[in-house]
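This briefing goes through one chain by topic, from its overall make-up to its interior, its surface and a few backbone details. Please keep the sequence and the structure at hand while reading.

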Amino acid sequence: MLTDTKGRARTLIGEKVSSDNPLRDYPGLINNVLSIVENYYWDSNLSKSPDWQTYKSEVAKVKSKISDDYELGLTMMWLGKKLPQVPHEIRKVNKTEMANPPLKSFSLKTIGDKKAYLVLNNIPEGKAEADQLFKEIQDKNIEILILDLRLARRNLSLNSALQLANHLTSNTSDWGIFLTRKWFEAENTIPKPVTYSGKLKNALELSNKKNSNFNEKGFYLRPLSALPSYQGKVFLLIDKTTAGVAEAFAIYLKNENRAMLVGQKTAGLPCLTETYEIDTHYYITIPFAQFYDKNGKSYQGVGVDPDIVSEKPMEEMKNEK
């Protein structure tokens with residue numbers, strides 16, 4: 001136990017070691033990380049870019065001095081900030097969390113008369129749960145639905161987003177595609193919607209098995225209308241943290257004129273990520289597929305602008321009439 005300056009007792013956790021030598025072979029670990037990123041990141045040109053070469057050079061200068069996990073994470077995060085976008089995120093394996101993953105849950109909060117608010121961080125992926133959610137929305141006669149896409153970059157899955165789209169769009173309409181480096185190594189054009197199913201996998205076929213999606217050329221998104229269909233107004237709360245699937249979802253609803261985007265410009269990182277296990281202690285998350293809308297437009301490094309710019313705090317935005 002350790003008592004801090006405010007008299008609070010805290011339990012120290014970690015590995016007890018008998019020397020001040022580094023806990024692991026951090027230079028070797030970092031070399032593996034850089035190699036994995038160069039092999040699986042969606043853009044094969046990354047390894048040739050001056051920014052990446054500078055990053056590798058700066059990491060090489062300090063990697064032999066890293067002595068613990070904290071220094072490892074701090075080094076990779078700090079130096080990675082100088083890149084136009086962070087191509088990977090290194091994390092330590094949490095065995096307790098892996099053995100008992102947190103259950104996803106959602107809560108529909110009604111605000112005033114016929115208005116509801118929903119955070120999209122932990123929406124379940126199953127059709128039955130999505131159907132039940134929109135049945136509740138229907139039963140409560142919700143006319144205005146506010147969906148919060150801020151800080152949803154990590155937890156909104158592609159399946160969850162597709163289930164939401166199925167209830168929000170009554171007409172089947174192509175959403176767009178996620179293309180991997182395998183596509184760009186073999187092709188020099190962006191496929192059109194009429195060729196999606198013949199050249200790419202349905203997004204619902206994404207494998208849950210780790211380290212397995214890198215070898216696919218890409219995935220197409222084609223929502224199918226589901227009941228009950230929500231016909232009311234939709235507002236999406238977005239900001240610079242809106243990335244990944246959440247950002248692609250916002251782009252789709254805006255392109256279909258199905259939602260009004262409120263907040264700030266999105267991150268410009270609408271990608272799919274894959275978890276790659278390095279060893280028993282660490283894993284990295286890599287953006288392995290880049291999003292293009294059905295018109296072939298990329299939002300990488302650009303993002304999408306809100307229809308209504310607002311700097312207001314979340315509570316004010318939720319409770320506005």
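Contact here means that heavy atoms lie within 4.5 Å. By that criterion Lys63 touches Tyr26, Pro27, Ile30 and Asn31, with residues up to four places away in sequence left out of the list. The model is a predicted one, and the values below are computed from it.

**Overall make-up**

- The chain has 321 residues, of which 44% count as buried, and its secondary structure comes to 10 helices and 14 strands.
- Among contacts with a separation of 6 or more, 75% are accounted for by residues that stand 24 or more positions apart in the chain.
- The chain exposes about 17500 Å², and carbon and sulfur atoms supply 50% of that area.

**Nonpolar cores**

- In soluble globular proteins, nonpolar side chains tend to be buried together.
- The largest nonpolar core in this model holds 76 residues, and the members that touch the most other members are Trp175, Leu236 and Phe249.
- Helix α9, which spans residues 244-255, contributes eight residues, the largest share of this core.
- Apart from the largest core lies another one, of five residues, which include Ile111, Tyr117, Ile146 and Leu237.
- Phe249 touches Leu120, Leu147, Leu149, Ala161, Leu164, Ala165, Leu168 and Trp175, again without counting residues up to four places away in sequence.

**A mostly covered helix**

- Helix α6, formed by residues 158-168, is mostly covered, since 10 of its 11 residues are buried.
- The buried residues of α6 include the nonpolar Leu158, Ala161, Leu162, Leu164, Ala165 and Leu168, and Ser160, Gln163, Asn166 and His167 are buried in this helix as well.
- Ala161, Leu164, Ala165 and Leu168, which are buried in α6, also appear among the residues that Phe249 touches.

**A buried lysine**

- Lys63 is placed in the loop between α2, residues 50-62, and α3.
- Which side chain of opposite charge is nearest to Lys63, and how far away is it? The nearest is Asp25, at 8.7 Å, and Lys63 is buried yet has no salt bridge.
- A salt bridge would require a side-chain nitrogen of Lys or Arg within 4 Å of a carboxyl oxygen of Asp or Glu.

**A nonpolar surface patch**

- Tyr70, Leu74 and Met77 together make a nonpolar surface patch of about 340 Å².
- Leu74 is found in helix α3, which covers residues 69-80, and Leu74 counts as partly exposed because its relative accessibility is 39%.
- An α-helix has 3.6 residues a turn, so residues three or four places apart point the same way.

**Backbone details in loops**

- A cis peptide bond, with omega at about -5°, joins Leu227 and Pro228, and Pro228 is found in the loop between β9 (218-221) and β10 (233-238).
- Lys114, in the loop between β4 (109-110) and β5 (115-119), has a phi near 60°, a positive value in a residue other than glycine.
- Lys114 counts as partly exposed because its relative accessibility is 34%.
- Asn257 lies in the loop between α9 and β11 (260-263), and although Asn257 is not a glycine, its phi is positive at about 55°.
- Is Asn257 buried or exposed? With a relative accessibility of 71%, Asn257 counts as exposed, because the cut-off for that class is over 50%.

Key: Residues numbered from 1 in each chain as written. Predicted model: local features only at pLDDT ≥ 70, side-chain atom pairs only at ≥ 80, totals over all residues. Heavy atoms only, no water. Patch = residues over 30% accessible without salt bridge, like charges linked within 9 Å, V, L, I, M, F, W, Y side chains within 5 Å. Areas by Shrake-Rupley, 256 points an atom, 1.4 Å probe, with all protein chains shown as cover. Helix = DSSP H or I, 4+ residues; strand = E, 2+ residues; numbered from the N terminus. Buried < 20%, exposed > 50% of the residue type's maximum accessible area, 1.4 Å probe, protein only. Core = buried A, V, L, I, M, F, W, Y, C linked by side-chain atoms within 4.5 Å. Lys, Arg positive; Asp, Glu negative; His and termini not counted.
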